[in-house]
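Got your viewer ready? Load the model, switch on a cartoon view, and follow along stop by stop.

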Amino acid sequence: MRTHVLTLRSRVIQRWRPQSSKRSHSSIDILPEVKDALQAGRPVVALESTIVAHGMPYPQNLELAKDVSQIFRSKGVTPATIAVKDGVFKAGLHPDELEDLAKSGEEGRAIKCSTRDLPLVASKYYRQIQDKTNISSARIANGNTSWGATTVAATMRLAHAAGIETFVTGELLCQVAYLLIHRALKVSNDCWMEGGTGGVHRGGELSMDISTDLIELSRTPVIVISAGVKSILDIKRTLEVLETFGVPTGAWQSDEFPAFFSPASGVKAPTTFNDAMDVACAWAAGKDIGMSNGMLVAVPNHDPAGSAVEAAIQEALNEAASAGIEGRDVTPFILKNVAEKTRGDSLRSNISLVKNNARVGAEVAKELSNIKSESSDVSTKIIQTAKLPSNDVTNCRVICVGGAVIDTVAKNIEGNMILGTSNPGKIHQSDGGVGRNIAETLGRLGSEPLFYTAIGNDELGRGLLQRLEDECGVITNHKSIYTADGIGTAQYYALNDESSTLIGAIADMDVLMHIPIPEVDDLNEVEFLVLDANLHPNHLIEAARRGVEARCKVCFEPVSVPKASKMMTLDFLQCITYAFPNEDELFGMAKVFDENIDISSDTDSLERAASVLLFNMKSDASIVVTRGRHGVMLAANQHTGEEPVFRHFPTEKITNIRSSNGPGDTLCGAFIHALLQGCDNAAAVKFGMKAAALSLQHEGSAISPDLSSLKV
């Protein structure tokens, strides 16, 4: 929705101020579950309903809504979807109501409600109250429930009225885009999702159109976390209007204001928020001097698909200018044009950016909870454009500490490679790193690991973490990630010939020496601490020691023969409960203690090498040795002090092998997941081998996404 203003800067719209600091709940139908949580002071999050009614076709929209709600419930947060049902303002919906809302958009029973529409859609209910009419009987007589799907602005207003202090939005599909794409273009599987705020439309100096989102920001005390201003709008003039309204505005970890799909707009940000504490302190300072407006935090979207969508937008803008399209006709033209050009890229980029906003919002929420404003009447609300995963790790059962690397492989495709010049070929980039791979495996299987690593202060690192959290179910927080200035995110570049034989490679791994390690207090509730050998040796030893002090089972992934050999000290080995070497790493580690070890793939040599290591490890220690096509060997100490026990697990024949980059890491992560589910070591090995087979047959990334459907 939009409102007209006489000018874009010269006229300041009078901001709304409530008559009383006390908010009335009498006009809001609050779900009992939500009301109980509010009265008990437990966290409640408001969710807007446009995402459900107009965001995606049914039943995908319902599945998304349930997924979002489940995330909050798993973290002890009560979700409250805001909507208007048959004229009744609702804060929280029953499951059957949520499903009916999800169907209502396609059935034409839902209208998009901004702030101005709220009294209009509620007038029917209020009239029936005055006439002493039973609204339920009226609805039954009519045959269908009607819904008001609330926008960002309307949800802010109703959440505030209900006393809900946190607001998360993933508003999808503005009304114009919905009509153009789904009706005119007949496209059912591609949609636009809004993760940015509205603003001044291009040509706004002629049409005088400005989004209600900006007006609501000027008068309702919320923190709005979004992907910036939609790039189809006039970003520069939007920032000028926000300045006129006195809305504090800044970009997240960037000097440039983001343009929704793209992190770059060419417009300098009014300020930069370097971290969540910056946001929280600015918010508290504003409340302490009586500011009653909101704040806008614009989070850059680093998804690669966003670049393609942004390019299509710029191309559409040029076409509009060439065709002489101006004023209010520009936006519909661009939406239709870009929808035709991008198809799935727009949806994919939107999903990524809303999840990225959620991660930032989680950090801000945590910092806000730690800051007590002197004004007791200050309401702390967060508005986001996505799911809001909590970074509270109280219930975390497994922590992974290790490397996160961007792997790039270039392969020549036409004849013999000619050195000293360019050659036609294919280049593939993927996420890697042993610790990262293990964390992804655990995340995809549902163990929700917390991941500790170090990245550079660059797009590669931020994108890597974003994908790990958004797509893989891995948790990070401000303590677990070290962002290094002046050092790039770890990268591995390989150059292969036409037969995929390695010609040469370069590894830039300096940042991994800065990987942080958990404190003992962070490990008190953790059952498994997984360490890879990418850490600085001193840090690795200290991490293992802390794990033992916190009574964790410490797991070690050697990474490589040279790195593993450096760690073969008694101080370190005696902390380890599980080790996961391959054959070469096993022999390399054993030779540190016995130089006469016979290096051979026969069973006796392997058992001898494992015995040497187990002798120096904990009394309940086990070694899981991956042997490629020969399967897996499990070697375990016995508490009685007798000789170790060995079991050999042959591999099943796999005919469609497409990758050998991640099966070992997959086996490690799946083994630990199985232990968390109550399996013994032998059953865990079998499950790990089943998971590793999926990664062997997957091409494009080290870890197979199909792990998500694998059950113990």
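Which residues of α7 are buried? Select α7 and you'll find Val152, Ala153, Ala154, Thr155, Met156, Arg157, Leu158, Ala159, His160 and Ala162. Here, buried means under 20% relative accessible area, exposed means over 50%, and partly exposed is in between, with a 1.4 Å probe and protein chains only. Helix α7 covers residues 152–162, and 10 of its 11 residues are buried, so the rest of the structure largely encloses it. Step on to Gly163, just after α7, and you'll see a positive phi of about 85°.

A quick word on what you're looking at: this is a predicted model, where local features need pLDDT of at least 70 and side-chain atom pairs count only at pLDDT 80 or more, while totals for chains, interfaces and linings use all residues. Residues are numbered from 1 along each chain as its sequence is written, and side-chain values use heavy atoms, with hydrogens and water left out.

**Zoom out**

Show the whole chain: there are 24 helices and 27 strands. These are DSSP runs numbered from the N terminus, with helices being H or I of at least four residues and strands being E of at least two. Of the chain's 712 residues, 56% count as buried.

**Ser49**

Next, select Ser49, in the loop between β3 (44–47) and α2 (50–54). Ser49 counts as buried because its relative accessibility is 0%. Follow its side chain and you'll arrive at the backbone nitrogen of Thr150, 2.8 Å away. Want the company it keeps? Setting aside neighbours within four places in sequence, Ser49 is in contact (heavy atoms within 4.5 Å) with Thr81, Ile82, Ala83, Leu101, Gly148, Ala149 and Thr150.

**The cores**

Now for the largest nonpolar core, which has 53 residues. A nonpolar core is a set of buried Ala, Val, Leu, Ile, Met, Phe, Trp, Tyr and Cys residues joined through side-chain atoms within 4.5 Å. Try selecting Ile399, Val401, Phe556, Leu613, Met617 and Ile623, the ones with the most contacts inside this core. Then colour helix α22 (residues 603–615), which gives the most to the core with six residues.

Pick Val401 and look around: among the residues it touches are Tyr452, Ile515, Pro516, Leu529 and Leu535, not counting residues up to four places away in sequence. There's also a second, separate core of 46 residues, including Ile481, Phe528, Ala670 and Ala692.

**The ring cluster**

Last stop: select Phe528, Tyr578, Phe580 and Phe671, which ring pairs link into a cluster. Rings of Phe, Tyr and Trp (its six-membered ring) pair if their centres lie within 6.5 Å; planes under 30 degrees apart count as stacked, over 60 as edge-to-face and the rest as tilted. The count by this rule comes to five aromatic pairs.

Start with Tyr578 and Phe671, an edge-to-face pair at 5.4 Å centre to centre, with 70° between the planes. Tyr578 sits in strand β24 (residues 576–579) and Phe671 in helix α23 (residues 663–676), so this pair ties together parts 93 residues apart in sequence. Tyr578 counts as buried at 7% relative accessibility, and Phe671 does at 0%.

Then add Phe580: its ring centre is 5.5 Å from that of Phe671 and the planes are at 75°, so this pair is edge-to-face. Phe580 is in the loop between β24 and α21 (583–591), and the pair links parts of the chain 91 residues apart.

Methods. A polar contact is a pair of N or O atoms within 3.5 Å; within protein, one must be able to donate a hydrogen and the other to accept it, and residues adjacent in sequence count only if both atoms are side-chain atoms.
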